[in-house]
Amino acid sequence: MNAAVNETLSQRVVALTPTPQDARLCDQVLTQNNISVCCCDDIQGFTTAIAEGAGVALIAQEHLDGATINQLKQTLSKQPKWSELPILVLLQPGEVGSTILQQILSLEHVTLITRPLRIAIFVSTVVAKLRDRQRQFEVRDLLREQDSDRQSLLQSSETLRRLIEDSPQGLYVVDDELKVLHASKGARDAFSNVDPLIGTAVEDALKCIWDTSVAEDVVAKFKHTLETGETYQSEGFVHQRVDRDATEAYEWSLERVVVLGDRYGVVCYFYDNTERQQSVDILLQSEKYFRDIADASPAILWVTDENHMCTFLSKHWYVTTGQTEAEGMGLGWTTATHPDDQQRAGHDFLSAAKHRQPFSCEYRLRMADGNYRWAIDVGRPRFDDSGKFLGYTGYVIDVDERKAFEQSLEQAKQFAEAANRSRGEFLANMSHEIRTPMAAILGHADILKDHLQDPDDQQVVETIRRNGNFLLNIINDILDLSKIDAGKLEVEKTKVRPDGLLAEVRSLMDVRASEKQIPLRIQFDGPIPEWIESDPVRLRQILLNLVGNAIKFTDEGEVNVVCRYAERILHFQVTDTGIGIKPDDQKALFRPFTQVDNTSTRSFGGTGLGLAICRRLAQALGGDISLQSEHGRGSTFTLSIEASEIGQLVEPNLAVDIAADNPGEITSIQANVLVVDDRRDIRYLARHFIEKAGGTVVTATNGREAVDTITADEQSTIDLIVMDMQMPVMDGYSAATELRQRGCTLPIIALTANAMKSDRDECLAAGCTDYTTKPLDSNALIAMIHRLTTQATC
Ligand code: ADP
């Protein structure tokens, strides 16, 4: 019941004066003192004005009797509780009846004012009463404020209570008697079979869900927190529920709080960890599962992190190396690598890791007993779903036995290669040894032929010579092949004119072709380089072999050689219309000692070495030989060699003067030559060639004799020295060196067994002027002597 009080009217004076004249007076006096006045005509108007709002009620005694006092009381009773409306009663002059006075005083907050009025006192009384009235309003406001504070406090605590109770989080509060005071929804769910939960002792509630001992344990913690104020944080709470078939895990904590006035209580927060715990369990289980697999594997498995630190090694590592887990982690595992392999293995790993690449490397691993065994280590990078590098996983496998096998294989290969080489060297030496006497036989056959007059005798010698030459060719082939196999073949790089070379081949082969009445044609498909860089001797050898075969195996038709140059490759296509080669035989053709069929061998001769040599030579010249053939119709052998052109491409010219570089055959010399060789045959042959060409000869059998002869020859009758390099007592190298040291400036021609560039360089280094190879070639020797004796001496 809060009657409305008009606050704007609460400072006015509501007056019911004795007379209307008094009303005017009252109005005048109070208005003069800034007090508003509401003068009423009767008690009805008076009470109505009071109900509307008044600061002071002023009433003349004349208007008061039992009925009006009751009416007034009724009006006042409707005022708010805090409202104490001051009532000023203007007493009638003279005696006041005690009954009426008592009735008047029964109105509360009445002040009696006697008449006649003393204006000043009256005004100050009114002012004082108005001030009181004002204070009442102020107190009311204050009370109202407090009231609203209390309200909001109540509201917020209600909100909090609701929040707690609706919260799905686990939270409940117990009071100082350990009875549940509040419980969140989460808590009510956890204690779902405790009804009602609020007001139940926490121990009883806990016993409904946990084993008694667990519950008592928890309650003890509640008590401790309640008594000491110490907070409590649970650790690893995992227990079997007694009310359901489940093992649940919780994290919970206790905190003392103030509840209900000054009393303490304890709040318990808990978090259901069951699912997390389950996933942790699953993770642990799967980790164990994989660890078991890793440990059972015969390979060593390992894992590194993104900084290449080892974070896992399977059991086998520790068993194998004897390292402890602490020793193996990080970079510790690397200490089990053989010191000689550490740097290489580390480099292999880091260079792969730099590019996040897989890697594989082999190193020796120290076993628990201190011995080393070879192992292969294979790793792959790991990335997460976003592609972030996580490190490597890998495995190590013992490959010691495989390695030993590989090493034995390698050794066997080396033995085989060495055996092959020594076989090659033996063949090279042997064929060389045969070549020298062969040269002597042929040379002497030439000499004998010159001495014989009877054509029959000459025919016999000619047969010896022809077969000797044939044998010499075979030996030359074997020598070539064995040199190639022994890795001793060296090719030169000099300026060669391809058209000139082909012209030379044609001039050499024309005789054979015309013997068989087969045209031999040389054609060019487009311009070719004027000069190329290659080995003319070897190139000529290949072409002669191919063209020779083409003529040999062709009885009808023709032999064509087509030369074409494209993209720094020079192609020579040798095509014949001969017997051709069966497809099966083509494969074996370039293998040494292979001939297609025995019938053709018998009728055509040959050793089956030519093509094998040609292919190797072609490869040495940076090319190859290919074959296309149809049995019975002919074959095309194509030689392709690397040929970087020198100068420009030209229209080829077969009439080119190939002999321009080679002066014509020299048949006459005028020189006194000292021939130094330990072999009588060579001395004899050389003498024969030189003397036949018009020269004279002095001989010596070793280097020492040669040096002595030259030093003794004060008149300097000797013009040139031809000196074998391999001799007893003093070899040609030492002799040449000594002669040069003694100031000898005569030209020295070295006679070497091997036609290799290295031999030549060695001869020149020893002081020789030029060199020629055995067996002695009469023309070459005479031309060389001529050249060196007609030039200025060295
Ligand atoms: P050979 O010295 O025996 O000729 P080659 O190595 O030069 O040795 O040739 C091997 C074999 O290849 C020859 O015996 C022959 O059977 C076959 N052959 C080579 N060239 C031709 C050709 N142009 N036509 C047919 N057969 C050929």
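Me: In this predicted model, why are helix 14 and helix 19 called oblique to each other?

Reply: Look at the crossing angle: the axes of helix 14 (residues 455–485) and helix 19 (residues 610–620) cross at roughly 45°. Under 35 degrees would count as roughly parallel, and 65 to 115 as roughly perpendicular. The angle sits in neither range, so the two helices are oblique to each other. Their axes also come within 10 Å, and the crossing is left-handed.

Me: Which residues make the contact between helix 14 and helix 19?

Reply: Helix 14 brings D477, D480, L481, I484 and D485, while helix 19 brings A612, I613, R616 and L617.

Me: What makes up that contact of helix 14 with helix 19, in terms of nonpolar, polar and charged residues?

Reply: Five are nonpolar, four are charged and none is polar. Ala, Leu and Ile go in the nonpolar bin, Asp and Arg in the charged one.

Me: On to D724. Why is D724 called buried?

Reply: Its relative accessible area is 1%, and buried means under 20%. So D724 is buried.

Me: Where does D724 lie, and what does D724 touch?

Reply: D724 is part of strand 27, which covers residues 720–724. Leaving aside residues up to four places away in sequence, D724 touches V676, D677, D678, G732, L751 and K774. An unreviewed UniProt entry annotates D724 as "modified residue: 4-aspartylphosphate".

Me: How do you know that D400 is buried?

Reply: Again, the cut-off is under 20%. D400 has a relative accessible area of 19%, so D400 counts as buried. D400 is found in helix 13 (residues 400–451), and touches R373 and W374, not counting residues up to four places away in sequence.

Me: What does UniProt list for residues 359–411?

Reply: The unreviewed entry has "domain: PAC" there. In the model, that stretch is 23% helix and 57% strand, with its end C-alpha atoms 28 Å apart.

Me: And V258, what makes V258 exposed?

Reply: Exposed means over 50%. V258 has a relative accessible area of 52%, so V258 is exposed. You'll find V258 in strand 10 (residues 247–259). Setting aside residues up to four places away in sequence, V258 touches R263 and Y264.

Me: What separates the C-alpha atoms of V258 and A412?

Reply: Those C-alpha atoms are 93 Å apart, and the two residues are 154 residues apart along the chain.

Key:
Residues numbered from 1 in each chain as written. Predicted model: local features only at pLDDT ≥ 70, side-chain atom pairs only at ≥ 80, totals over all residues. Heavy atoms only, no water. UniProt positions renumbered as here; feature names shortened; annotations may be inferred. Helix = DSSP H or I, 4+ residues; strand = E, 2+ residues; numbered from the N terminus. Buried < 20%, exposed > 50% of the residue type's maximum accessible area, 1.4 Å probe, protein only. Contact = heavy atoms within 4.5 Å. Axes fitted to C-alpha atoms, helices over the stretch in contact; angles between N-to-C directions. Parallel < 35°, antiparallel > 145°, perpendicular 65-115°, else oblique. Left-handed = near helix turned anticlockwise from the far one by under 90°.
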